[in-house]
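Dear colleague,

I am passing the structure below on to you, and my notes follow it. Please read them alongside the coordinates.

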Amino acid sequence: MNITISTSDSKNSWLNNDYPCLVIYEGISYKSAAAAYEASKIDCSIEECKSLYNLESISYITDELLLKLKECMTSMKRLPLANLSAAGAREYTRKIVPGDEWFEKNDKILTDIIRAKFSIHNNPSMYKQLLNTKNMDIIDGTNDNHMGRILMKVRDEIYEDEDRKSTRL
């Protein structure tokens with residue numbers, strides 16, 4: 001049996017990334033998985049940080065400190081998306097072209113966001129709904145079924161985690 005990801009208000013729309021729900025990704029709370037995904041495209045380079053704070057001429061700043069500054073500046077640039085809907089986040093990032101690094105990590109980013117969406121701590125009812133799909137195939141309607149495969153992977157990870165917890169008892 002299959003379950004199809006829906007974009008409408010049907011009973012399966014909760015599988016869609018646009019579905020409104022709490023998603024905490026890299027320390028920021030978003031209103032949907034799609035908003036978190038769009039935010040992940042925003043980055044701040046070390047060069048941008050150096051320029052912004054006139055750090056080019058300072059030789060005693062460690063690489064570790066620069067990396068922390070980069071992470072902080074990236075989070076600050078992503079914050080406006082925290083209050084946006086999925087459509088609003090897509091509009092906000094419409095002109096942003098992510099760097100090559102983002103494209104290399106795209107699958108991991110999306111999988112991490114889906115894990116956050118279906119976390120028992122963030123969305124216990126959605127966590128249970130995903131588990132209730134048991135071993136159904138989740139279909140996204142595309143040829144490669146990319147989202148469906150990620151959802152089934154996350155579901156399988158949750159089942160494995162539940163099995164580990166039950167064997168410890």
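Which backbone oxygen lies 2.8 Å from a polar atom of the side chain of Arg155? It is that of Met136. This is a predicted model, in which local features need pLDDT of at least 70 and side-chain atom pairs count only at pLDDT 80 or more, while totals for chains, interfaces and linings use all residues. Residues are numbered from 1 along each chain as its sequence is written, and side-chain values use heavy atoms, with hydrogens and water left out.

Arg155 is found in helix α7 (residues 146–168), helices being DSSP runs of H or I with at least four residues, and strands runs of E with at least two, numbered from the N terminus. At 4% relative accessibility, Arg155 counts as buried, a term that means under 20% relative accessible area with a 1.4 Å probe and protein chains only. Leaving aside residues up to four places away in sequence, Arg155 touches Leu130, Leu131, Thr133, Lys134, Asn135, Met136 and Ile138, where contact means heavy atoms within 4.5 Å.

The largest nonpolar core (buried Ala, Val, Leu, Ile, Met, Phe, Trp, Tyr and Cys residues joined through side-chain atoms within 4.5 Å) has 36 residues, and those with the most contacts inside it are Leu15, Ile114 and Phe118. At least two residues of this core come from each of β2 (23–25), β3 (28–30), α1 (33–39), α5, α6 (124–131) and α7. Phe118 itself touches Trp14, Leu15, Met126, Tyr127, Leu130, Leu151 and Ile158, again not counting residues up to four places away in sequence.

With best wishes

How values were computed: Buried means under 20% relative accessible area, exposed over 50%, partly exposed in between (1.4 Å probe, protein chains only). A polar contact is a pair of N or O atoms within 3.5 Å; within protein, one must be able to donate a hydrogen and the other to accept it, and residues adjacent in sequence count only if both atoms are side-chain atoms.
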